[in-house]
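Please look through the model below with the following notes beside you. They take up a surface patch, a small sheet, one tyrosine and a set of charged pairs.

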Amino acid sequence: MPDKKVENYDVIVIGGGAAGMTAAIYAGRARLSTLLIEKTLMGGLATYTNEIENYPGFPEGTNGEELMKLFERQMKKFNVKTKLADVRQVDLNGDTKIVKTLRTDYHAKAVVIATGGKPRLTGAKGEEKFLFGRGISFCATCDAAYYTDKEVLVVGSGDAAIEEAIFLSRFAKKIYISVIHDEGIMDANKVAQEQAMKNEKLHFIWNTVVDEFVGEEQLEKVMLKNVKTGEKIPVKVDGCFLFIGYLPNTEIFRGMVDISDRGYIITDENMQTNIPGVYAVGDVREKALRQVSTAVGDGAVAGYMAERYIEETNVFQREFKEYTGMQLVMCYDPTDAVSREKLAIVEGFAKENPGIKLSKIDVYKGKSMAKRLGVEGDPCLVVMNGGYVDYTIPLSELSEDMLRHLKEDKAANL
């Protein structure tokens with residue numbers, strides 16, 4: 001096989017849903033060279049949502065396809081390149097991140113993981129025919145209004161299933177709920193169960209699973225099967241909602257980024273994973289609510305933080321790694337009296353010794369630059385030579401005499 005092509009970017013976004021496109025918009029607008037790689041369809045699962053009424057800025061509502069086209073147009077306005085390809089492997093450690101497809105290896109300074117996920121399916125006959133806008137849905141908050149005064153079936157009995165069924169009852173006139181357990185047994189929390197049992201619009205069909213989805217162009221009927229007797233139960237409905245679990249697309253990232261027991265990528269509030277320069281956004285991230293609006297918020301934060309990370313990397317390289325002489329790095333907290341006192345001492349020493357470079361890091365504003373030097377963020381003095389850290393001195397131990405010894409050590413080593 002011939003050598004693979006290599007392309008270099010500042011930021012690579014893996015996944016073209018709402019979260020990924022938003023991250024790309026922010027990165028592109030910051031004039032970072034940005035590539036978005038999407039496996040199948042730009043817009044992700046949101047493209048198949050019939051009606052979106054809870055996304056701000058659209059008082060009359062919109063549908064997922066139209067909204068995602070607007071996202072894509074805005075992304076291209078900021079010169080974001082797109083590539084339809086399947087990411088097969090990644091190497092996220094190190095300063096250069098590598099994203100591998102069949103024919104090309106893409107190198108980047110920062111990576112945003114926006115691979116989303118997929119709802120767990122029943123595996124019943126006819127299911128594939130009615131996915132994505134043809135009768136089977138996975139988000140009541142998104143599609144409930146479409147089923148106003150209609151009859152629907154909800155499959156599942158966990159928190160999501162029961163809470164979404166209750167939400168659907170504000171719109172649909174009748175909601176059937178297929179539960180695999182015996183009568184009265186659900187997996188949802190007790191509060192949701194009590195509310196559901198009191199709701200006159202909800203009708204439970206116990207001990208059942210889906211056997212087949214039936215219809216012509218649109219879903220017309222769901223055949224349920226009693227797991228104890230084998231009896232087939234036809235349920236005529238206008239739509240069906242599946243809430244039997246969700247499968248995040250995290251397989252290729254396992255062993256690199258931290259992943260929860262449920263398979264979602266763990267991040268902090270800045271969308272940062274456990275690997276510097278690698279962020280996760282949208283449905284692939286461990287969080288409470290998965291909606292277009294929260295995906296956009298995730299993407300905005302990640303795009304902004306990627307820009308900061310790259311700028312910080314450039315500053316770190318210029319300020320610390322490329323300097324060949326002796327350097328003192330004062331990691332200080334301006335709100336701390338000891339830090340202010342010691343900073344004045346160090347500044348005075350640097351003024352008297354112009355051959356020793358002094359750099360300052362305000363750890364009150366942020367600790368990431370200090371962490372690049374191997375310091376956790378507590379105020380201290382870092383002593384460097386030739387771009388490498390020699391040792392650190394806690395501010396409690398720092399004195400003018402110690403600084404003079406540093407100068408003597410430098411002279412002795414020349």
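The numbered points below go through these topics in turn, and they concern a predicted model.

1. The nonpolar patch. Leu41, Leu45, Tyr48 and Phe132 together make a nonpolar patch of about 300 Å² on the surface. One of these residues, Leu45, sits in the loop that runs between β2 (34-38) and α2 (64-77), and Leu45 counts as partly exposed because its relative accessibility is 33%, which falls between the limits of 20% for buried and 50% for exposed.

2. The three-stranded sheet. Three strands form an open sheet in the order β12-β13-β14, and their pairing is antiparallel. The edges are taken by β12 (208-215) and β14 (232-236), each of which pairs on one side only. On average, neighbouring strands of this sheet are turned by 25° against each other, if direction is ignored. As general background, the strands of a sheet pair through backbone hydrogen bonds, in either a parallel or an antiparallel manner.

3. The pairing of β12 with β13. Strand β13 (residues 219-226) runs antiparallel to β12, and seven bridges join the two. For a reader who wishes to check the register, Val210 is found opposite Leu224 of β13.

4. The surroundings of Tyr246. Tyr246 belongs to strand β16 (residues 246-248), and with a relative accessibility of 21% this tyrosine counts as partly exposed, since the limit for buried is under 20%. Which residues does Tyr246 contact, once its neighbours within four places in sequence are left aside? They are Leu45, Gly116, Gly117, Lys118, Pro119, Arg120, Tyr264 and Asp283, and Leu45 is also one of the residues of the nonpolar patch in point 1. The C-alpha atoms of Tyr246 and Leu121 are separated by 8.8 Å, although the two residues are 125 residues apart along the chain.

5. A salt bridge within one helix. The count of salt bridges comes to 16, and one of them is formed by the side chains of Glu72 and Lys76, at 3.4 Å from N to O. Because Glu72 and Lys76 are four residues apart in helix α2, about one helical turn separates them. Both residues are partly exposed, Glu72 at 21% relative accessibility and Lys76 with a relative accessible area of 46%. In general terms, side chains of opposite charge can pair when their charged atoms come close.

6. A salt bridge between two loops. The side chains of Arg262 and Glu286 meet in a salt bridge, with 2.8 Å from N to O. Arg262 lies in the loop between β16 and β17 (278-280), whereas Glu286 lies in the loop between β17 and α6 (292-321), so the pair ties together parts that are 24 residues apart in sequence. Glu286 counts as partly exposed, at 27% relative accessibility.

7. A strand-to-helix pair and a network. Lys357 forms a salt bridge with Glu319, and the closest N and O atoms of this pair are 3.8 Å apart. This pair links distant parts of the chain, for Lys357 is in strand β19 (residues 357-362) and Glu319 is in helix α6, 38 residues apart. Glu319, at 27% relative accessibility, counts as partly exposed. Lastly, Lys125, Asp211 and Lys232 are joined into one network by salt bridges that share partners.

How values were computed:
Residues numbered from 1 in each chain as written. Predicted model: local features only at pLDDT ≥ 70, side-chain atom pairs only at ≥ 80, totals over all residues. Heavy atoms only, no water. Patch = residues over 30% accessible without salt bridge, like charges linked within 9 Å, V, L, I, M, F, W, Y side chains within 5 Å. Areas by Shrake-Rupley, 256 points an atom, 1.4 Å probe, with all protein chains shown as cover. Salt bridge = Lys/Arg side-chain N within 4 Å of Asp/Glu carboxyl O. Buried < 20%, exposed > 50% of the residue type's maximum accessible area, 1.4 Å probe, protein only. Pairing = 2+ DSSP bridges. Axes fitted to C-alpha atoms, helices over the stretch in contact; angles between N-to-C directions. Contact = heavy atoms within 4.5 Å.
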